[in-house]
Amino acid sequence: MNPEVFSTVALAFETAGLVAFATSGALLAAERRMDIIGMIGLAVVTGTGGGMLRDVLIGATPVAALENWWMLIVACATGLLVFFLYRLIKRLHRAMLVFDAIGLGIFVVNGTLKAGLLGLNPVAGATVGLLTGVGGGIMRDVIAGDIPLVFKRDTTLYLTPALLGAALTATLFELGWAEWWATLIITLVVMAVRFASEFWGWRAPSLRTQALSIIQQPESDEADSKADGDGPRKKRRGKG
């Protein structure tokens with residue numbers, strides 16, 4: 001892909017992905033009963049986190065979100081907009097899923113393209129693209145006090161569509177076929193697989209285990225409590 005064309009496509013992808021991920025962050029903050037500051041903060045982290053991780057991995061520093069101040073402004077404005085339009089946005093069925101899937105598809109492709117343009121091999125480029133796609137969501141979930149969505153056993157396919165999109169993008173870039181329309185198709189494929197897995201309940205294989213209590217009362221403590229009179233007492237027979 002021509003560097004000038006890449007810059008234009010990358011800018012458009014970056015902006016759309018930033019807004020989508022920032023929206024998902026603000027929606028989660030609202031669900032966790034955060035105030036307006038929390039919503040804006042989580043929007044910024046989610047919208048810029050994946051891109052920051054990408055730039056650090058490929059050595060593109062200062063990272064784009066700090067070098068281009070408009071990205072932070074867009075993320076803040078998105079969080080503020082969600083705050084005022086929350087009730088309207090919430091009417092959209094599974095709103096967070098929709099915006100998260102859009103951000104995932106865009107950031108996976110964008111991260112892989114940028115890594116390839118800087119000379120990384122296809123495997124490294126696909127890895128960077130994968131981490132770009134899931135990085136912001138992981139940061140969002142951790143800050144919100146959740147297990148990251150990508151690691152939950154009952155979560156529908158998340159890493160799989162991201163890995164698929166990164167691999168396809170890296171392959172096309174290596175072959176010199178990474179035109180803007182091809183990358184757009186890959187973005188839509190990632191989103192489609194994510195939506196389809198949610199609709200049909202596709203999940204990666206996992207072990208069915210029971211959750212164990214982290215803190216258990218030692219047997220010695222139970223014995224001590226019985227000795228102190230907390231346990232059942234034997235009835236005393238009175239003398240007749």
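## An all-helical chain: residues, helices and cores

Arg 208 sits in the loop that connects α9 with α10 (219-227). The model is a predicted one. With a relative accessible area of 72%, Arg 208 is over the 50% cut-off and is therefore exposed. Its C-alpha atom is 9.2 Å from that of Arg 153, a residue 55 positions away in sequence.

**The chain as a whole**

The chain holds 10 helices and zero strands. Read from the N terminus, its elements follow the order α-α-α-α-α-α-α-α-α-α. Of the 240 residues in the chain, 41% are buried. The accessible surface amounts to about 14100 Å², and carbon and sulfur atoms account for 64% of that surface. Of the contacts between residues at least 6 apart in sequence, 77% are between residues at least 24 apart.

**Helices α2 and α9**

Helix α2 covers residues 36-58, which is 23 residues. At 1.5 Å a residue the expected span of α2 is 33 Å, and the C-alpha atoms at its ends are 34 Å apart, so the two values agree. A kink of about 40° is centred on Thr 48 in α2. The N-terminal end of α2 is capped by Asp 35, which places a side-chain oxygen 3.2 Å from the backbone nitrogen of Ile 37. After α2 comes Gly 59, with a positive phi near 75°.

Helix α9 takes in the 21 residues 180-200. Its expected span at 1.5 Å a residue is 30 Å, and the end C-alpha atoms are 30 Å apart, so here too there is agreement. The buried residues of α9 include the nonpolar Ala 182, Ile 186, Val 190, Met 191, Val 193 and Ala 196. Thr 183, Thr 187, Arg 194 and Ser 197 of α9 are buried as well. Gly 201, just after α9, has a positive phi of about 70°.

**Nonpolar cores**

In soluble globular proteins, nonpolar side chains tend to be buried together. In this model, the largest nonpolar core has 20 residues, and Leu 104, Val 134, Tyr 158 and Ala 162 touch the most other members. Two or more residues of this core come from each of α1 (3-31), α6 (95-117), α7, α8 (159-175) and α9. The largest contribution is that of α6, with six residues. Leaving out residues up to four places away in sequence, Ala 162 touches Leu 104, Val 108, Leu 130, Val 134 and Val 190. Another core, of 13 residues, lies apart from this one; Ala 22, Ala 26, Met 39 and Met 96 are among its members.

**Three helical residues**

The table sets out three residues that lie in helices, with their accessibility.

| Residue | Helix | Relative accessible area | Class |
|---|---|---|---|
| Glu 14 | α1 | 9% | buried |
| Asp 141 | α7 | 4% | buried |
| Ile 143 | α7 | 49% | partly exposed |

Glu 14 and Asp 141 carry acidic side chains, and the polar partners of each can be listed. The side chain of Glu 14 makes a polar contact of 3.2 Å with the side chain of Arg 54. Not counting residues up to four places away in sequence, Glu 14 touches Arg 54, Met 71, Phe 107 and Asn 110. At 9%, Glu 14 falls under the 20% cut-off and is therefore buried.

Asp 141 is also buried, because its relative accessible area of 4% is under 20%. A polar atom of its side chain lies 2.7 Å from the backbone nitrogen of Leu 149. With residues up to four places away in sequence left out, Asp 141 touches Leu 28, Asp 146, Ile 147, Pro 148 and Leu 149.

Ile 143 belongs to helix α7, which spans residues 122-143. Its relative accessible area of 49% is neither under 20% nor over 50%, so Ile 143 counts as partly exposed. Beyond its neighbours within four places in sequence, Ile 143 is in contact with Leu 42 and Val 45. Leu 42 is 101 residues away from Ile 143 along the chain, yet their C-alpha atoms are separated by 7.7 Å.

Notes. Residues are numbered from 1 along each chain as its sequence is written. This is a predicted model: local features need pLDDT of at least 70, side-chain atom pairs count only at pLDDT 80 or more; totals for chains, interfaces and linings use all residues. Side-chain values use heavy atoms; hydrogens and water are left out. The expected span of a helix is 1.5 Å times one less than its number of residues. The bend at a residue is the angle between axes fitted to the seven residues ending there and the seven starting there. A polar contact is a pair of N or O atoms within 3.5 Å; within protein, one must be able to donate a hydrogen and the other to accept it, and residues adjacent in sequence count only if both atoms are side-chain atoms. Buried means under 20% relative accessible area, exposed over 50%, partly exposed in between (1.4 Å probe, protein chains only). Contact means heavy atoms within 4.5 Å. A nonpolar core is a set of buried Ala, Val, Leu, Ile, Met, Phe, Trp, Tyr and Cys residues joined through side-chain atoms within 4.5 Å. Accessible areas come from the Shrake-Rupley method with a 1.4 Å probe; for residues, only the protein chains shown count as cover.
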